[in-house]
Amino acid sequence: MLHIFLLFSLIFTSTNVLAQDFCVANTASGIVTPSGYPCIMEANVTSDDFAFSGLGVPGNTSNIISAAVTPAFVGQYPAVNGLGLSAARLDLAPGGVIPMHTHPGANELLYVVHGHITCGFISSANKVYLKTLKRGDVMVFPQGLFHFQINAAGKRPSLAIVTFSSPNPGLQILDFALFANDLPSSLLEKSTFLDDAQVKKLKGVLGGTG
């Protein structure tokens with residue numbers, strides 16, 4: 001029995017030695033791999049690395065979408081590197097909208113802190129799932145699906161906190177993908193069924209050329 005106990009003790013000790021509790025990102029390294037950033041040396045990690053105060057500051061909603069997203073992704077919050085999660089603050093002025101977009105690398109969970117937010121996503125079968133949320137409600141948006149958030153009916157600002165299942169969820173906004181690039185207008189007209197005037201108007205608003 002003693003030799004079995006010693007064997008398990010050796011395995012447990014070896015596992016603890018090899019295990020890594022965290023990997024605070026060395027974002028200054030300039031090296032990013034699919035698994036994240038390299039770690040800073042544990043001897044240089046402090047308690048401050050594990051705290052982030054950015055989500056307590058309201059975002060500036062004086063813009064074309066009357067909304068702001070304040071991220072706590074690995075680039076802003078290096079402690080989440082390798083942990084499979086991140087967060088963001090979502091501020092929506094009355095009428096504010098986060099346009100149709102997708103996160104290629106993560107699922108999203110939205111929690112309404114105050115106000116009312118109309119949220120929805122479209123499945124790969126083109127079925128729409130739509131819900132107006134109030135304070136305390138949550139809604140999940142599966143990875144890679146197009147979704148949006150709107151403060152449509154609210155007369156006051158709305159606030160939500162969102163969490164993601166990745167330190168770096170990625171983002172692609174549909175409107176910008178279509179109209180904030182140099183894809184020739186003639187091709188966009190054929191692929192979107194919009195006329196020339198509409199395409200040029202949207203390119204003008206969003207900064208596209210071509």
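Gln149 is buried, with a relative accessible area of 2%, where buried stands for under 20% relative accessible area, exposed for over 50% and partly exposed for what lies in between (1.4 Å probe, protein chains only). This is a predicted model, in which local features need pLDDT of at least 70 and side-chain atom pairs count only at pLDDT 80 or more, while totals for chains, interfaces and linings use all residues. Residues are numbered from 1 along each chain as its sequence is written, and side-chain values use heavy atoms, with hydrogens and water left out.

Gln149 belongs to strand 8, which spans residues 147-150; strands (E, at least two residues) and helices (H or I, at least four) are DSSP runs, numbered from the N terminus. Once its neighbours within four places in sequence are set aside, Gln149 is in contact (heavy atoms within 4.5 Å) with a list of residues including Leu90, Leu92, Val97, Ile98, His101, Glu108, Leu110, Cys119 and Phe141. Several of these names return below.

Glu108 leads to the sheet, since its bridge partner in strand 9 is Phe164. Strand 4 (residues 108-114) and strand 9 (residues 158-164) run antiparallel and are joined by six bridges, where two strands pair if DSSP finds at least two bridges between them. Both strands belong to an open sheet of five strands, in the order 1-2-9-4-7, whose pairing is antiparallel. At its edges stand strand 1 (67-72) and strand 7 (138-141), each of which pairs on one side only. On average, neighbouring strands of this sheet are turned by 20 degrees against each other, direction ignored; the axes are lines fitted to C-alpha atoms, for helices over the stretch in contact, and angles run from 0 to 180 degrees between N-to-C directions.

Cys119 leads to a hairpin, because its bridge partner in strand 6 is Lys131. Strand 5 (residues 117-122) and strand 6 (residues 128-133) run antiparallel and are joined by six bridges, and the hairpin they form has five residues between the two strands. Within that loop, Asn126 has a positive phi of about 65 degrees although it is not a glycine, and at 65% relative accessibility Asn126 counts as exposed. Phe193, likewise not a glycine, has a positive phi of about 65 degrees; Phe193 lies in the loop between helix 3 (185-192) and helix 4 (196-206) and counts as exposed at 77% relative accessibility.

Phe141 opens the subject of the aromatic rings. Rings of Phe, Tyr and Trp (its six-membered ring) pair if their centres lie within 6.5 Å, with planes under 30 degrees apart counted as stacked, over 60 as edge-to-face and the rest as tilted; by this rule the count comes to five aromatic pairs. One of them is the edge-to-face pair of Phe22 and Phe50, at 5.1 Å centre to centre and with 80 degrees between the planes. Phe22 and Phe50 each lie in the loop between helix 1 (2-18) and strand 1, so the pair ties together parts that are 28 residues apart in sequence. Phe22 is partly exposed at 23% relative accessible area, and Phe50 is partly exposed at 37%. Phe121 and Phe141 also form an edge-to-face pair, with 6.3 Å centre to centre and 80 degrees between the planes. Phe121 lies in strand 5 and Phe141 in strand 7, so this pair ties together parts that are 20 residues apart in sequence. Phe121 is buried, with a relative accessible area of 11%, and Phe141 is buried, with 1%. Ring pairs link Phe121, Tyr129 and Phe141 into a cluster.
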